[in-house]
Amino acid sequence: METQYDLLLSGGTVLTLDSQRRVIEPGTVAVSGNRIAAVGASAEFEGASATRTIDCTGSAVIPGFVDCHDHMEQGIVKGLGEGEAVWEWLTTLIFPLGDAMTVEEAVAATRYAAFEAVRAGITCVMNNQYLPWDAETTDAVAKAMESVGLRGVVARGMTGTPPPAMAHRGDDARPWTYSTAEELQIMRDLLDNWSPDRLIRLWPGPNNLVFNDQELIRGCAELAREYGTKWHTHCCEAQQDPDIYKKTYGMSPVKWLNEAGLLGPETTLAHTIWVSDEDIEMLAASGAAAAHNPVCNMYIASGAMRLGQFLEAGVTVGLGIDGPCVGHRMDPFEAMKQTVLLQRLDTLDPAASRSETALELGTRGGAAFTGFEIGSLEEGRLADIAVVDLTAPHCGPRPRAVSAVVNSAGPRDVTTVVIDGRVIVDDGRCVTIDEAEVAAEAAAAMESVARKAGLDHYLEPWLDPSRN
Ligand SMILES: [Zn+2]
């Protein structure tokens, strides 16, 4: 084969995640422009030339990981707020943080999280931005993600007019900045001024299906259909959420979405832990997608999503990190491994989950969830690729690539990351930014925002575990 490419990733174990799940060893992935030009056995590429060739011998070459649910700005308080249930965690740490955060601090936090993400092999992030969520910050955060070279979505979080369900919650420390009509107008203006062809897309991302005004949810779903985007929200993360909703509206939130005609392929929901069998069937029938966040769900002790049942029913499922604050790492390897382990523990069945499934959810599932042409290594797909070195002792002695990637490897094993055909991580370093400068800016922003928000007590070096 004599062909000229821009980039050749040659000699690795290529986990294509294509429709046949081909594993090619040694294999080569060729990139031209922003797309994958060819994938095959390395022998087929003898005589091919490229502007750059990266030797991937001893490495797995995989589609970049797609993080389907994140709050990147929360990384600024990574390490704080341990041992708190979700509402306590939100009201004592996260909401005060958001109220104190400036645009510059949100940008510093997001750039750091994007840097951390790409270094770990994440090539696409669905970032549900709600701290803060004014138009200026939303725009700046999207551009901050782009400045690192990351693909993804900013789903703008919104609260809207306080709904009746909030009365059942009891503790409302959240300022309700905008009315539902104002939220929808801000979102419409943002969509009008943002090209859908950029590396980052904008979606409506109302914060929570249970605790937002139904008219806000309806408006967001309608905006998504009008602009050809998807929309995103948290759904039944806490055990009491569906009961609160039923008490207010007489049915489960998923059932309401379905009856209101708002469930469809553009609907993407985070968590979906406390949902009924009927809810799962409605999600499957509508083409809606769910983001499973195992590390966050264990960290906050929210519960275990019934992943097996979702997949059996045919629901599109992707994996999420849910913010670097609820797990302390933007780590796709941890998300995949914990996906496997949580299902086994929850079902007390070692056959309930497999490494292959976790890698599929982290790549192909994420592609279906976000709607980008990514998630597999095959000709014509957008070139979002991660190279994972499997030669370290913890991956040896003779790695079975899929198991090593899911169960043994970690962010530090990622040597090369390509996004949209561009090498973003090269020999383990992020080359689109000054890494030290991004880290220093984020550290300074953490200090200042924690002080302004009155969160200094969280910074104590040792917290008494019995204090709760
Ligand atoms: Zn979340």
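These are my notebook entries on a predicted model of one protein chain.

**Entry 1. Domains**

I began with the domain assignment of the chain, which gives domain 1 (4-63 + 376-430) and domain 2 (65-370). I then took the centres of domain 1 and domain 2 over C-alpha atoms and found them 29 Å apart. To the contact between them, domain 1 contributes 24 residues and domain 2 contributes 24 residues.

Next I asked which elements supply the side of domain 1 that touches domain 2. At least two residues each come from strand S5 (59-63), strand S14 (385-389), helix H14 (401-408), strand S15 (414-419) and strand S16 (422-426). H14 provides the largest share of this side, 5 residues. I also sorted this side of domain 1 by class, and it holds 17 nonpolar, 4 polar and 3 charged residues.

**Entry 2. The nonpolar core**

I looked up the largest nonpolar core, and it has 150 residues. Val29, Ala114, Val118 and Val405 are the residues with the most contacts inside it. Helix H2 (residues 103-119) gives the most to this core, namely 10 residues. Both domains take part, since at least three residues of the core come from each of domain 1 (4-63 + 376-430) and domain 2 (65-370).

I followed Val405 further and asked what it touches beyond its neighbours within four places in sequence. Val405 is in contact with Ala60, Ile62, Leu359 and Val388.

**Entry 3. Helix H1**

I turned to helix H1 (residues 86-100), which has 15 residues. From its first C-alpha to its last, H1 reaches 20 Å, close to the 21 Å expected at 1.5 Å a residue. I checked the helix for a bend and found one of about 35 degrees at Ile94. A proline, Pro96, follows Ile94 within four residues.

Which residues of H1 are buried? I listed Val86, Leu90, Leu93, Ile94, Leu97 and Gly98. I recalled that an α-helix has 3.6 residues a turn, so residues three or four places apart point the same way. Ile94, where H1 bends, is itself among the buried residues. I then looked at what covers the buried residues of H1, and the cover includes helix H15 (435-452).

**Entry 4. Cis peptide bonds**

I noted a cis peptide bond joining Glu25 and Pro26, with omega of about -5 degrees. Pro26 is located in strand S2 (residues 23-32).

I noted another cis peptide bond from Leu131 to Pro132, where omega is near -25 degrees. Pro132 belongs to the loop between strand S7 (122-129) and helix H3 (135-148).

**Entry 5. Positive phi outside glycine**

I searched for positive phi in residues other than glycine and recorded Leu17, with a value of about 55 degrees. Leu17 sits in the loop between strand S1 (4-15) and S2. Is Leu17 buried or exposed? I counted 25 other C-beta atoms within 10 Å of Leu17, so it is buried, the cut-off being 20 or more.

I recorded Cys236 as well, a residue other than glycine whose phi is positive and near 55 degrees. Its place is the loop between strand S10 (231-235) and helix H7 (241-249). I entered Cys236 as buried because it has 27 C-beta neighbours inside 10 Å.

Definitions and conventions: Residues numbered from 1 in each chain as written. Predicted model: local features only at pLDDT ≥ 70, side-chain atom pairs only at ≥ 80, totals over all residues. Expected span 1.5 Å × (residues − 1). Bend = angle between axes of the 7 residues up to and from the residue. Buried ≥ 20, exposed ≤ 12 C-beta atoms within 10 Å, placed from the backbone. Contact = placed C-beta atoms within 7 Å. Domains from an automatic or database assignment. Nonpolar A, V, L, I, M, F, W, Y, C, P; charged D, E, K, R; others polar. Core = buried A, V, L, I, M, F, W, Y, C linked by C-beta atoms within 7 Å.
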